[in-house]
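Please look first at the place where the ligand is held, and then at two unusual points in the backbone. The report below takes these topics in turn.

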Amino acid sequence: MKHLGILLSGRGSNFEAIARDVEAGKINARIAIVISNREDAPGLRRARERGLKAVYLPSKGKDREVYDREVVALLNEHRVDLVCLAGFMRVLSPYFVRAFPRRILNIHPALLPAFAGLDAQKQALEYGVKFTGCTVHIVDEGVDTGPIVAQAVVPVLDDDTVETLSARILKEEHRIYSEAIRLMLEGRIRIEGRRILLEPPGPRPTSEGHS
Ligand code: GRF
C-alpha cells in the first residue's frame with residue numbers, strides 16, 4: 001500500500017478531507033505521517049485525534065535547507081511515496097523538490113497561473129474576475145508554478161466577501177485534491193512538457209515511469 005505524507009501549518013481542512021477519503025477507501029493509501037511547522041496548528045491536533053502519527057517539527061531560526069533535510073528524512077523514514085502540501089506555509093527548497101521528483105502535490109485556492117502566492121481569494125475578488133477556483137499541481141522549484149493535475153472553477157458572486165468566496169472554493173478544493181491524489185497513486189497521469197494527461201483506467205502501459 002502506498003504511503004502519503006501530509007504537510008500542514010494551519011486549520012487542516014484539506015488534510016481532513018483526504019483522511020476521510022482514505023478511511024472511506026476512496027483513496028487506496030495510508031497516511032503514514034502528518035508534519036507541521038506550527039505547534040498550534042489545529043490540523044496537527046485533528047491528525048492526533050484520528051490516531052495518526054503527527055509530528056511538530058519547528059522551523060523557526062533554521063536555514064531553509066537544513067529544515068527541509070529534517071522533513072525529507074522523516075518522510076523517508078515513513079516510506080512516503082507521495083507528499084501532499086495542505087496549507088503548508090513554506091516554500092520548499094530545491095533539495096526537498098529533488099528528493100521527491102514529481103511526487104509532491106499542492107493545492108492552491110485560485111485558477112493558476114492567475115493569483116499565485118498569498119491571499120489568492122482576496123487577489124481574485126479585488127481584481128474583479130467573474131470566475132476563480134482552485135488548482136492541484138505538482139510542486140516544482142518555483143512558487144505555484146508546477147504542472148497542473150486538476151482544477152475546478154468557482155463563480156464570484158456580486159455580494160461575495162473574501163470569506164464567502166473562500167468557503168465556496170474550499171468545498172471544491174476538498175473534492176479535487178482527493179481526486180488528484182487518486183490519479184497520482186494509480187499512475188494514471190502522463191506528463192508531456194507542462195501538460196498532465198490522463199491515462200484511461202486499466203492495465204498500466206509499460207512505458208510508464210514512476211508514480
Ligand atoms: C487552502 O485554501 C489551500 O488552498 C491553501 O491553504 C489553505 C489551507 O486550508 N494552500 P486548510 O488548512 O486545508 O483548511
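## Where the ligand sits

The ligand sits in the largest pocket. A pocket here is an open set of points on a 1 Å grid over the protein atoms alone, with protein on both sides within 12 Å along at least five of seven lines, and a molecule sits in it if more than half of its atoms lie within 2 Å of its grid points. Two elements, α1 (13-23) and β5 (104-108), give two or more residues to the shell around the ligand; helices (H or I, at least four residues) and strands (E, at least two) are DSSP runs, numbered from the N terminus.

This is a predicted model, in which local features need pLDDT of at least 70 and side-chain atom pairs count only at pLDDT 80 or more, while totals for chains, interfaces and linings use all residues. Residues are numbered from 1 along each chain as its sequence is written, and side-chain values use heavy atoms, with hydrogens and water left out.

## The shell and its contacts

Surrounding the ligand, with a heavy atom within 4 Å of it, are R11, G12, S13, N14, G87, I107, H108, P109, Q121 and E173. At least three residues of this shell come from each of domain 1 (1-101) and domain 2 (106-203), whose bounds come from an automatic or database domain assignment.

Which distances separate oxygen atoms of the ligand from N or O atoms in the side chains of R11 and E173? For R11 the distance is 2.5 Å, and for E173 it is 2.8 Å, whereas at N14 a backbone N or O atom lies 2.8 Å from an oxygen atom of the ligand.

## Two points in the backbone

Most residues other than glycine have a negative phi, and most peptide bonds are trans. R79, however, has a positive phi near 50 degrees, and its place is in the loop between α3 (64-77) and β4 (82-85). L112 and P113 are joined by a cis peptide bond with omega of about 15 degrees, and P113 is found in the loop between β5 and α5 (120-127).

Key: Polar contact = N/O pair within 3.5 Å; in protein donor to acceptor, adjacent residues only side chain to side chain. 1 Å grid on protein atoms, 1.4 Å probe; cavity = no way out; pocket = protein on both sides within 12 Å on 5 of 7 lines; lining within 4 Å.
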